[in-house]
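This briefing gathers a few backbone, core and domain features for a reader who will check them against the coordinates. Please look at the sequence and the structure first, and then read the points below alongside them.

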Amino acid sequence: DWSLDIQSIRKQFPVLHQEVNGKPLIYFDNAATNQKPSSVIKALDYYYETDNANIHRGVHTLAERATADFEETRKKAAAFLNTKEVEEVIFTKGTTESINLVASTWGRKFIDKGDEIIISTLEHHSNIVPWQMLCEEKGAILRVIPINPKGEVIIDEFKKLLSAKTKLVSVVFASNALGTINPVAEIISLAHQHGAVVLLDGAQASAHLDVDVQKLDVDFFALSAHKMYGPTGVGILYGKRSLLEAMPPYQGGGEMISEVTFEKTTYNAIPYKFEAGTPNIADVVAFGAAIDFVNEHGKDRIAAHEEELLHYATAKLESIPGVSIVGQAADKVSVVSFLVNGYHPLDVGMYLDARGIAVRTGHHCTQPLMKHLGIEGTVRASFSVYNTKEEIDRLAEAVTLLAGRKN
Ligand code: PMP
């Protein structure tokens, strides 16, 4: 059987089995962070109970085991993203740090006055602010690809923005606010025709979409482990070797050096050049278990299940008088943003929480997008592998009751 056994998957997630405000928990805030299977939680425990030591320099057995555990995740991540080389995987705190790393190293070295950086209207603040800071420092210009009313980037407008001045195109793979999946292959190919480097914010893509960095020919790719069943505090920056080698280091300190004298320091090879100090070893190790979890169930099967939930929830919510869906892109990840006529999103969120249903409300760290849409925020339900149609029925029932009072 090709389809997943969702009930047995649910058993692997301890947090799901509790009551919130006297009702069984329904967790629909997966785009913010999703829940962790027992295998990830156990990997954390196991690491601290058996292998804990500082990595890379120790000659004792525990240090060797900890180093091997840590580097094992790097290999798994490299395979997961299909990087050409394992050394192209750099561990960071998350997507935000990955983007900031590129802005403050590659950006500081290669962006000059008058250069242009292109982002899109859909961006999360973490793919806006680092570039604004860089542009301010360098006198460079930030350009923004507009979107159509469905919430899709307008490729013809993107083509008009591209020029010899374009040095970087940094766009989101899948929008956390609307769910829109960007046509990234086309964006990358167009940007490359103009000699620009491309960064993809893969925070919402990595657990759901096929990510093959070589096939995409993307230059930089950022992701967060906590959005793919892994721990918080860990992320990845993928970069092509040639780019990473040309970049100056990010932070200075231990691990990132080759030789230090008081006169001059030479730097370590990639990836260590970008990993100063003791990293988040335990969480990186547990991230390996999260990658195993996704591989074991199959990203394509997880995505198929989530897509079914997306269509089911969209149809159900759309049919409720007074409810409107925000973002109607043809190609979406499992994110449904909506509004209930007569209610502030925050009130909807509190009403649902009282019924054990966790959703996100607000601007979703995409204030410029909300401003463009002429709204303050939305209510957002986002689905992961362990969610079910029965849970969506309960959401729809609750929203129907609320909307019925005013619509
Ligand atoms: N980009 C997108 C599209 C996101 O959804 C998020 C997290 N909400 C981020 C970037 C930032 O990720 P993190 O907070 O894990 O660094």
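**Backbone, core and domain contact**

His56 is partly exposed, since 18 other C-beta atoms lie within 10 Å, a count that falls between the limits of 12 or fewer for exposed and 20 or more for buried. The model is a predicted one, and the points that follow take up its backbone, its nonpolar core and its two assigned domains.

**Backbone geometry**

- His56 has a phi near 75 degrees, which is a positive value in a residue other than glycine, and this residue is found in the loop between α2 (38–51) and α3 (61–81).
- His364 is not a glycine either, yet its phi is positive at about 55 degrees; the residue sits in the loop between β16 (360–362) and α13 (367–373).
- His364 is buried, because 23 other C-beta atoms lie within 10 Å and the cut-off for a buried residue is 20 or more.
- The peptide bond that joins Ile270 and Pro271 is cis, with omega at about 0 degrees, and Pro271 belongs to the loop between β12 (265–267) and α10 (281–297).

**Nonpolar core**

- The largest nonpolar core comprises 109 residues, and those with the most contacts inside it are Phe221, Ala286 and Ala290.
- Helix α10 gives the most to this core, contributing ten residues.
- Because domain 1 (6–30 + 298–406) and domain 2 (41–296) both give residues to this core, the core lies between them.
- If neighbours within four places in sequence are left aside, Ala286 is in contact with Val40, Ala43, Leu44, Tyr47, Gly230 and Pro231.
- As general background, nonpolar side chains tend to be buried together in soluble globular proteins.

**Domain arrangement**

- The domain assignment of the protein gives domain 1, made up of 6–30 + 298–406, and domain 2, which covers 41–296.
- The centres of domain 1 and domain 2, taken over C-alpha atoms, are separated by 28 Å, and the contact between the domains takes 20 residues from domain 1 and 21 residues from domain 2.
- On the side of domain 1 that touches domain 2, the elements that give two or more residues are α11 (299–318), β14 (335–340) and α13, with the largest share, four residues, coming from α11.
- Sorted by class, that side of domain 1 has nine nonpolar, seven polar and four charged residues.

Key
Residues numbered from 1 in each chain as written. Predicted model: local features only at pLDDT ≥ 70, side-chain atom pairs only at ≥ 80, totals over all residues. Core = buried A, V, L, I, M, F, W, Y, C linked by C-beta atoms within 7 Å. Domains from an automatic or database assignment. Contact = placed C-beta atoms within 7 Å. Nonpolar A, V, L, I, M, F, W, Y, C, P; charged D, E, K, R; others polar.
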